[in-house]
Amino acid sequence: MADINMMRLANKMMVKNDKKNYLNPTPCIGFDLDGTLLDNGEWKSGFISLINQLEGYKVFFATGRSILECERLLLNVRKDILVICDEGQYIFDNEKGYTENIFLPLGEDEYCFFAENGIEVAVETKDYIYTESNVIEKLLKLYCGVPKSVVLRRNPRECRQVYKIYYYEKKEGFVRSIEKKYNITEIVKRFGYLTDCNVNKYKAFKKLQRSRNLRIEDSIYFGDGLNDVEIMKKVKTGIAVYNAVPKLKDVSTIIMDSDEEFIHILSSLKDFGEPVLFKTQL
């Protein structure tokens with residue numbers, strides 16, 4: 001009987017602690033990668049050391065890059081980070097090894113469309129990128145920093161669990177005809193990638209809220225692009241980098257003037273727990 005009572009008491013304590021944790025969610029700081037923390041695929045000087053020193057926050061990255069592209073970038077980053085990849089289709093917990101996947105709608109109809117309109121493609125899975133296109137292989141290395149070791153020369157049609165489709169249009173304009181099914185991100189003229197139109201960074205973060213006891217309403221987020229707009233609208237403090245697109249600046253709380261101000265804000269977060277600016281901004 002005593003054992004049963006002890007078990008009941010333990011269960012009550014667990015429920016009480018769960019409720020307490022839920023009522024006191026962990027504050028978050030999120031970062032876009034390209035254009036925010038990265039220049040030409042490499043970390044901006046001094047940023048990672050400051051991010052690694054942030055205490056009292058759950059840190060997450062949200063990027064259009066694939067997990068294949070991010071693995072190299074995460075080597076020197078704190079181990080407790082959360083990573084939202086592929087515009088939200090792949091969620092990765094760097095500390096616990098947890099992943100959550102959403103695969104692209106891709107079948108024979110789509111492959112026929114690509115072939116009929118002269119669109120060369122590569123498909124990305126968890127471990128490799130598959131393509132028969134020499135052009136895409138070169139573009140992946142040049143603009144995405146994808147190592148040659150993860151690009152396999154194989155027919156993409158053999159793959160079904162796909163996170164992202166890279167495309168190269170021989171003639172511009174055909175890809176736009178399928179934008180109701182896919183989000184289209186152009187990297188350079190006639191080359192870019194497709195992701196699921198029902199997925200984005202904000203929706204991916206919402207999935208993490210309950211399992212990681214996070215609240216986007218208590219979060220700080222740094223970004224620069226159109227794919228950051230929705231998440232920027234929801235956070236407590238949205239901070240646009242100096243070279244952000246106008247639409248993102250319109251919905252941000254703070255617009256930075258330079259990378260020096262970015263470093264200053266990160267330092268203030270590390271030291272004081274709040275973003276402190278060079279000068280007062282409204």
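**View 1. Glu-124 stands opposite Lys-164 of strand 11.** This is a predicted model in which local features need pLDDT of at least 70 and side-chain atom pairs count only at pLDDT 80 or more, while totals for chains, interfaces and linings use all residues. Residues are numbered from 1 along each chain as its sequence is written, and side-chain values use heavy atoms, leaving out hydrogens and water. Strands here are DSSP runs (E, at least two residues), numbered from the N terminus. Strand 8 covers residues 119-124. Strand 11 covers residues 164-169. The two run antiparallel, joined by 6 bridges. Strands pair if DSSP finds at least two bridges between them.

**View 2. A hairpin links strand 8 to strand 9.** The connection takes 4 residues. Strand 9 spans residues 129-131 and pairs with strand 8 in the antiparallel sense, over 3 bridges. Glu-124 appears again: its bridge partner in strand 9 is Ile-129.

**View 3. Strand 8 is mostly covered.** Of its 6 residues, 5 are buried. Buried means under 20% relative accessible area, exposed means over 50%, and partly exposed lies in between (1.4 Å probe, protein chains only). In a regular strand, side chains alternate between the two faces of the sheet.

**View 4. Cys-85 is in no disulfide.** The structure holds 0 disulfides (a disulfide is a pair of cysteine sulfur atoms within 2.5 Å). For Cys-85, the nearest cysteine sulfur is that of Cys-70, 4.1 Å away. Cys-85 is buried, at 0% relative accessible area.

**View 5. Cys-197 is partly exposed.** Its relative accessible area is 27%.
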